[in-house]
Amino acid sequence: MSQAATAELPLLVAVELKGRITGLLSHLTLRQTFHNPHKVPLELTHIFPLPPRAAVVSCRLKTGKRYLSGQLMERRQARQSFQAHATRGKTVCTLEQDRPDLYTLRVGPIAPGGHLEVELALDLILATEREEVVLSFPLTAGRRYVPGRPSHGTSAGMGTGVDTDIVADASRLNPPVLRPGDSEDSEFHLDLSIDSANHDLRQVECHTHRLKISRRQGILRVKNESDQPARDFVLRLGMRAENRLAVDPNDATFHFTPFWAEDESQRRPLVILLDRSYAMKGQPLADALEIAHRLIDSLEPEQSFGLLSFANSPFHFRSGLVPAIPELKLAAHQYLQELMAQPGGELCQGLAAVEVLLAGKSEPCDLVLLTSAQFGDHDRLISWAGHQEGLRLHCVAVGPVVNSGLLDRLCCLTGGSSHRLEHPERLDSTYQDLLETLTAARLSDLCLIGQPLLSASPEHWEVSSGRGGSFHGRFTEPPTEPLEMIGTLPDGGESSEVITPLEFTHPAIPASWARARLLDLEDRWAGLPVGTVDLTVGGDRPASEAATHLRREAERGKAWLERVQDFWRRKGWLFPPSDQGEPALPLVKAMEESSCMAYGPSQVMPGESPLESLEEQARELLSLESSIRELSIERGVLCRFTAYVVTTGSKVKETAHRVVVPVPRIEER
């Protein structure tokens with residue numbers, strides 16, 4: 001558990017995780033208790049992790065006998081509100097997300113000798129791994145390696161890291177650490193109830209904490225008997241995998257867990273990329289090496305393979321893919337035996353070396369990454385994954401503390417699988433799960449027929465034989481009839497199966513869909529050039545109303561401008577001068593046709609129906625989106641577009657002014 005403030009101020013005294021699991025759905029409450037042992041009021045900054053797919057649905061602050069409920073704000077507004085209340089001596093807190101699985105909590109002031117509780121309510125759909133449902137709840141913020149040259153100026157956060165030209169918010173990622181000899185006094189309390197919800201619950205397994213399990217009226221009660229806060233809590237529930245489509249009838253959101261069983265196996269070229277940085281020192285590196293040895297032994301003679309490791313730079317076994325003949329497999333084992341942990345963590349360089357290794361190869365390939373993923377350059381890695389074709393990344397998260405938020409996203413973007421080895425006792429089962437996934441046939445282009453979709457996450461569905469999947473989405477309206485699940489078989493044929501939707505009202509379904517959708521959009525931000533779009537639209541209204549509309553859009557634009565600037569700082573890009581009075585929107589947000597786009601209707605011409613006019617505008621908008629995308633990629637990271645549609649009385653006056661401002665591209669190292 002990360003210490004807030006400094007090692008001399010052990011303010012976090014207890015962490016409690018409570019909740020109910022119903023099948024794959026869960027509603028959890030995380031309560032953190034802080035204590036100020038000093039004689040002066042203190043303000044606390046606490047950097048801590050949460051499950052990357054968990055949706056924070058409420059935040060409450062308890063001080064004395066008072067409860068204060070939080071509200072959602074723009075980051076700039078929340079910081080201003082916190083400062084205003086703290087200056088007046090009022091107890092207040094803010095919670096900000098810095099990465100999909102990392103948050104910063106500011107609380108203060110805490111009275112001398114006083115206690116304070118922060119309670120977060122979370123909705124989460126559990127992950128699936130073949131015959132298991134897994135709740136992985138991080139309890140420690142690991143030290144993340146930050147590449148790049150140190151930046152000058154004010155730090156973005158209050159952690160111990162230094163902002164760099166590659167990770168502009170590195171000081172928000174790494175909390176202070178305990179000094180040698182200091183102990184962690186935080187207590188960890190766990191209280192979960194488990195309802196299998198008609199799933200066949202065969203066993204409950206936990207290798208990270210000692211648990212006390214009881215059963216009453218078909219409901220399991222799980223409590224912990226050991227305080228081990230300095231590692232992730234991983235609970236595994238053995239459940240029978242099956243096709244299940246749970247639909248919330250209130251808003252037509254759904255969670256789909258398709259399962260496809262096929263005996264056919266496939267062997268593709270395999271590349272093993274092993275993290276030998278200090279984050280893997282000790283048992284994690286030993287476990288990763290053992291899995292790598294076993295993967296090499298499993299190779300068939302007709303397969304080709306590659307082997308690399310990285311810390312500060314990649315270390316090659318051979319310069320290209322080699323056949324899996326006995327002599328080369330023996331040499332690969334010798335290569336692994338000589339590896340030792342070193343400082344660093346340049347995963348981007350390791351991935352670049354993999355691309356060189358596969359240069360000229362057109363056939364699909366599997367890449368297995370063995371790591372704890374303690375890397376700070378999240379956006380660079382997400383951008384790399386978003387541009388891969390034919391390379392599936394399978395990650396094995398090794399160690400008691402891992403960055404699962406990054407690994408899950410990398411696997412999702414490349415169509416690979418994510419595995420967790422939280423304890424050496426699970427090495428055999430983790431390796432077997434990985435091997436079966438690597439050799440399993442795949443059902444691709446999976447879709448549901450019979451009810452239109454508004455959105456789905458991920459956009460492209462694919463499942464491997466025997467493993468199943470976990471997909472989120474939203475229908476145009478709740479389906480009332482069975483749907484057809486179709487997919488493409490490995491031989492090019494079509495698979496078809498009837499799926500009956502199940503009405504299931506649970507807050508985790510819409511919350512998890514919204515959370516997944518937001519993560520998808522954030523990934524696009526990481527993978528595309530970023531610019532601003534200035535849109536000023538009067539619409540078909542008198543000039544006085546148009547002026548009011550423009551002022552309102554300008555205020556909205558200021559809030560979005562803050563978000564754009566914050567994102568550019570994270571990317572390490574220079575932010576160009578901009579008129580603060582103009583509406584400014586992220587380019588990618590505009591591409592999503594958000595309601596924040598100020599794009600108004602033009603005048604309907606004589607003889608033209610309103611529908612035809614809307615269709616024409618839609619075509620123009622798509623053309624505009626395409627041109628902006630091309631120009632931004634061609635000319636640099638910034639593309640500014642300004643469009644004005646202004647009315648004067650009953651007459652419509654339209655002007656369109658397009659300006660492209662080229663900005664020198666900042667090379668990403």
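In this predicted model, glycine 487 faces serine 495, a residue of strand 30. This pair belongs to a meeting of two strands: strand 29, which covers residues 483–488, is joined to strand 30 by 6 bridges, and the two run antiparallel. A wider view shows that both strands are part of an open sheet of 4 strands, arranged in the order 27-25-29-30 with antiparallel pairing. At the edges of this sheet lie strand 27 (461–464) and strand 30 (494–499), each of which pairs on one side only. The sheet also has a twist to look for: on average, neighbouring strands are turned by 30° against each other, direction ignored.

A second place to visit is strand 17, made of residues 253–257. Is this strand enclosed by the rest of the structure or not, and why? Of its 5 residues, 5 are buried, so strand 17 is largely enclosed by the rest of the structure. The covering applies to both faces: Thr253, His255 and Thr257 are buried on one side, while Phe254 and Phe256 are buried on the other.

Strand 17 has pairing partners that can be traced residue by residue. With strand 16 (residues 244–247), strand 17 pairs in the antiparallel sense over 4 bridges. Within this pairing, threonine 257 of strand 17 is the bridge partner of arginine 244. Strands 16 and 17 form a hairpin, with 5 residues between them. In the turn of that hairpin sits alanine 252, whose phi is positive, at about 65°. Strand 17 is also joined to strand 28 (residues 471–475), again in an antiparallel run, by 4 bridges. Here threonine 253 is found opposite arginine 474 of strand 28.

The helices offer a contact of their own. Helix 5 (residues 378–386) and helix 6 (residues 404–414) have axes that come within 8 Å and cross at roughly 15°. An angle under 35 degrees counts as roughly parallel, and therefore helix 5 is described as roughly parallel to helix 6. The crossing of helix 5 past helix 6 is right-handed. Which residues of the two helices meet? From helix 5 come His378, Leu381, Ile382, Ala385 and Gly386, and from helix 6 come Leu406, Arg409, Leu410, Leu413 and Thr414. Sorted by class, this contact of helix 5 with helix 6 contains 6 nonpolar, 3 polar and 1 charged residues.

Definitions and conventions. Residues are numbered from 1 along each chain as its sequence is written. This is a predicted model: local features need pLDDT of at least 70, side-chain atom pairs count only at pLDDT 80 or more; totals for chains, interfaces and linings use all residues. Side-chain values use heavy atoms; hydrogens and water are left out. Two strands pair if DSSP finds at least two bridges between them. Axes are lines fitted to C-alpha atoms, for helices over the stretch in contact, and angles run from 0 to 180 degrees between N-to-C directions. Angles under 35 degrees count as roughly parallel, over 145 as roughly antiparallel, 65 to 115 as roughly perpendicular and the rest as oblique. A crossing is left-handed if the near helix is turned anticlockwise from the far one by less than a right angle, and right-handed if clockwise. Contact means heavy atoms within 4.5 Å. Ala, Val, Leu, Ile, Met, Phe, Trp, Tyr, Cys and Pro count as nonpolar, Asp, Glu, Lys and Arg as charged, and the others, Gly among them, as polar. Buried means under 20% relative accessible area, exposed over 50%, partly exposed in between (1.4 Å probe, protein chains only).
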